[in-house]
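Here are my notes on the side-chain contacts of this model, set out as numbered points for reading beside the structure.

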Amino acid sequence: MQPRNMSMSGVVDLAAVKAAGEAKAKAEQARAEASRTGGAGAVAPTALVIDVDEAGFERDVLQRSAEVPVVIDFWAEWCEPCKQLGPLLERLAVEYNGRFLLAKVDVDANQMLMQQFGIQGIPAVFAVVAGQALPLFQGAAPEAQIRETLDQLIQVGEERFGLTGIAVDPGAAPADAVPAEVPAGPYDAVLEAAASALDANDFGGAVQAYKNVLADDPGNPEAKLGLAQAELLGRVQSLDPQAVRKEAADSPGDVNAQLAAADLDLVGGHVEDAFGRLVEAVRRTAGDDRDAARLRLLELFEVIGPEDPRVTAARTALARVLF
């Protein structure tokens, strides 16, 4: 099943003045009530992923969506793509540290919810923001696209509804908690060979080695970072920096010129310049050119790492030009 509906353009429907006002009022009321009752304490990371059924849907999803965006993962035990997507969403819920709550719904046990959301196939992922539902995507999707969608969802929650998320206490996790990420296999030798190839400027060999790891373990962070670095270095090794920068300056509408210049910016340590150049390329283009600039920007995010504040700022800028 191919991913679809990755766009957050449906969020535009949430921007009605009346709806936004009502949602903000609900959020303020919920925070005020939590403060009065002492219920605003931090939660354990394990509480960021919950199983939801029809009986608890209003309490666990609709009411909670007044304080934090709730992402709903509709899944089933027999669904193979669900077994890939589910652990990824759970890991991201912990990584995003309370910026969204993940609610998992077993469709076999909750047919009514499946019908109410009009789901035709699974996995299917929806969000509820301030009591209002919107589709995110269907099918197993690449992590980069999922992160982009989540970032846009969180931004909408903050800017339009004042949702600031829930506080998380890392120390509240149970002592026997299972780590969120478990390696799929022993890749030390392959990763070491890839790193050696990278050091020897054998970028093609490094790329293939990292891809071999990711074929078995798509979420392996070391392989993802190594692949992004190897591909970047492979692209810039034969470039003439002076010629590339001149072409980019002379032809601001030439996407390929901007991609090459952004690569050089990043390799030269000018991270914000690289990100800004590609965000601007996304803003001024459309169609295939726009997709090329957006995807290159996501690749460069991988090189720097998702936790870097420059990546966070660039994601926000990207969301603004896209939607």
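1. I begin with two phenylalanines: F74 and F126 are both buried. This is a predicted model, and the remarks below should be read with that in mind. The rings of F74 and F126 form an edge-to-face aromatic pair, with 5.9 Å from centre to centre and 85° between the planes. Because F74 belongs to strand β2 (residues 70–75) and F126 to strand β4 (residues 124–129), the pair ties together parts that are 52 residues apart in sequence.

2. F126 also takes part in a second edge-to-face pair, with F117, where the centres are 5.1 Å apart and the planes make an angle of 75°. F117 counts as buried because its relative accessibility is 15%, which falls under the 20% cut-off, and F126, at 12%, is buried by the same criterion. Together with F57, the residues F74, F117 and F126 make up one aromatic cluster. Over the whole structure, the search finds 6 aromatic pairs.

3. The whole structure contains 1 disulfide, and it joins C79 to C82, whose sulfur atoms are 2.4 Å apart. The link between C79 and C82 is right-handed, with 80° about the S-S bond, and both of these cysteines are buried.

4. Turning to charged side chains, the structure holds 23 salt bridges. In one of them, D60 meets R59 with an N to O distance of 3.0 Å; D60 counts as buried because its relative accessibility is 18%, under the 20% limit. Elsewhere, R91, E95, E143, R147 and K224 are linked with one another in a network of salt bridges.

5. Where in the chain do D250 and K246 lie with respect to each other? Both are in helix α9 (residues 241–250), and because they are 4 residues apart there, about one helical turn separates them. They form a salt bridge in which the closest N and O atoms are 2.7 Å apart. K246 counts as exposed, since its relative accessibility of 54% is over the 50% cut-off.

6. A further salt bridge joins D265 and R277, with 3.1 Å between the closest N and O atoms. This pair links distant parts of the chain, as D265 sits in helix α10 (residues 255–267) and R277 in helix α11 (residues 271–284), 12 residues apart. Is D265 buried or exposed? With a relative accessible area of 4%, D265 is buried, whereas R277, at 25% relative accessibility, counts as partly exposed.

7. The largest nonpolar core has 30 residues, of which L266, F275, L297, L300 and F301 touch the most other members. At least two residues of this core come from each of α8 (221–236), α9, α10, α11, α12 (287–304) and α13 (309–322), and the largest share, 8 residues, is supplied by α10. As background, nonpolar side chains in soluble globular proteins tend to be buried together.

8. When residues up to four places away in sequence are not counted, F301 touches F275, P306, V311, A314 and R315. Apart from the largest core lies another core, of 26 residues, which includes V70, A76, V107 and V168.

Conventions: Residues are numbered from 1 along each chain as its sequence is written. This is a predicted model: local features need pLDDT of at least 70, side-chain atom pairs count only at pLDDT 80 or more; totals for chains, interfaces and linings use all residues. Side-chain values use heavy atoms; hydrogens and water are left out. A disulfide is a pair of cysteine sulfur atoms within 2.5 Å. Buried means under 20% relative accessible area, exposed over 50%, partly exposed in between (1.4 Å probe, protein chains only). A salt bridge is a side-chain nitrogen of Lys or Arg within 4 Å of a carboxyl oxygen of Asp or Glu. Rings of Phe, Tyr and Trp (its six-membered ring) pair if their centres lie within 6.5 Å; planes under 30 degrees apart count as stacked, over 60 as edge-to-face and the rest as tilted. A nonpolar core is a set of buried Ala, Val, Leu, Ile, Met, Phe, Trp, Tyr and Cys residues joined through side-chain atoms within 4.5 Å. Contact means heavy atoms within 4.5 Å.
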